[in-house]
Amino acid sequence: QFQLVESGGGLVQAGDSLRLSCAASGRTASGRTFSSNAMGWFRQAPGKEREFVVAISGSGRNTYYADSVKGRFTISRDNAKNTMFLQMNSLKPEDTAVYYCVSYSSANYYVRQPADYWGQGTQVTVSS
């Protein structure tokens with residue numbers, strides 16, 4: 001069973017930084033492993049719909065950012081450790097949300113591609 005576990009969330013002030021981690025284990029139902037899957041992050045703020053934040057290809061060579069985080073957030077992955085990271089700098093109160101780690105059933109990410117696996121989420125709160 002393929003599982004995703006996020007960590008690193010917390011309460012920070014505007015302008016601060018946080019680094020989220022997503023640790024993966026197991027194989028997907030189709031037998032894929034962490035390194036063969038594109039991965040990404042979504043977030044959901046209180047009272048709002050879940051929104052795409054960023055994705056990264058299985059190799060780590062290609063990344064895709066939502067305009068709202070471009071230039072402030074950086075996604076990366078360590079396939080040897082089955083872990084993905086989200087470095088969040090210059091945080092704003094509007095970044096407050098539960099952040100979810102997701103996995104896709106392909107090596108490359110395609111716009112609006114549905115995610116197959118989701119983590120439980122980690123809360124990020126940015127105070128003004």
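Which side chain of opposite charge is nearest to Glu6, and how far away is it? The legends below start there. The model is predicted.

**View 1. Glu6, a buried residue with no salt bridge.**
The nearest side chain of opposite charge is Arg50, 8.6 Å away. A salt bridge needs a side-chain nitrogen of Lys or Arg within 4 Å of a carboxyl oxygen of Asp or Glu, so Arg50 does not make one with Glu6. Glu6 sits in strand 1, which covers residues 3-7. Its side chain has backbone partners. A polar atom of the Glu6 side chain lies 2.8 Å from the backbone nitrogen of Cys101. The Glu6 side chain also reaches the backbone nitrogen of Gln120, at 3.1 Å.

**View 2. The surroundings of Glu6.**
Neighbours within four places in sequence are left aside here. Glu6 is in contact with Ser21, Cys22 and Trp41, among others. Its contacts also include Tyr99, Tyr100 and Cys101. Gly119, Gln120, Gly121 and Thr122 complete the list.

**View 3. Strand 11, with a covered and an uncovered face.**
Strand 11 spans residues 122-127. Thr122, Val124 and Val126 form the covered face. Gln123, Thr125 and Ser127 form the uncovered one. Strand 2, residues 10-13, runs parallel to strand 11, and four bridges join them. Gln13 has Ser127 of strand 11 as its bridge partner. Strand 9, residues 97-103, runs antiparallel to strand 11, and three bridges join these two. Here Ala97 is the bridge partner of Val124.

**View 4. The largest nonpolar core, with 27 residues.**
Which members touch the most other members? They are Met39, Trp41, Phe73, Met84, Leu86, Met88 and Tyr99. Elements that give two or more residues to this core include strand 3 (18-25), strand 4 (39-44) and strand 5 (51-56). Strand 7 (73-78), strand 8 (83-88), strand 9 and strand 11 do so too. Strand 3 gives the most, with four residues. Another core, of eight residues, lies apart from this one. Among its members are Phe42, Tyr104, Tyr109 and Ala115.

**View 5. Met84 and the residues it touches.**
Residues up to four places away in sequence are not counted. Met84 touches Leu20, Ser21 and Cys22, among others. Its contacts also include Phe34, Met39, Gly40 and Trp41. Ile56, Ile75, Ser76, Arg77 and Cys101 are touched as well.

**View 6. Phe34, a buried residue in a loop.**
Phe34 lies in the loop between strand 3 and strand 4. Is Phe34 buried or exposed? Its relative accessibility is 2%, so Phe34 counts as buried. Phe34 and Phe2 are 32 residues apart along the chain, and their C-alpha atoms are separated by 8.6 Å. Leaving aside neighbours within four places in sequence, Phe34 is in contact with Phe2, Ala24 and Met39, among others. Its contacts also include Arg77, Asp78, Asn79, Asn82, Thr83 and Met84.

**View 7. Asn82 and Ser90, two residues with a positive phi.**
Most residues other than glycine have a negative phi. Asn82 is not a glycine, yet its phi is positive, about 50°. Asn82 is found in the loop between strand 7 and strand 8. Its relative accessible area is 30%, so Asn82 is partly exposed. Ser90 also has a positive phi, near 50°. Ser90 lies in the loop between strand 8 and strand 9. At 40% relative accessibility, Ser90 is partly exposed.

Definitions and conventions: Residues are numbered from 1 along each chain as its sequence is written. This is a predicted model: local features need pLDDT of at least 70, side-chain atom pairs count only at pLDDT 80 or more; totals for chains, interfaces and linings use all residues. Side-chain values use heavy atoms; hydrogens and water are left out. Buried means under 20% relative accessible area, exposed over 50%, partly exposed in between (1.4 Å probe, protein chains only). Lys and Arg count as positive and Asp and Glu as negative; His and the chain ends are not counted. A polar contact is a pair of N or O atoms within 3.5 Å; within protein, one must be able to donate a hydrogen and the other to accept it, and residues adjacent in sequence count only if both atoms are side-chain atoms. Contact means heavy atoms within 4.5 Å. Two strands pair if DSSP finds at least two bridges between them. A nonpolar core is a set of buried Ala, Val, Leu, Ile, Met, Phe, Trp, Tyr and Cys residues joined through side-chain atoms within 4.5 Å.
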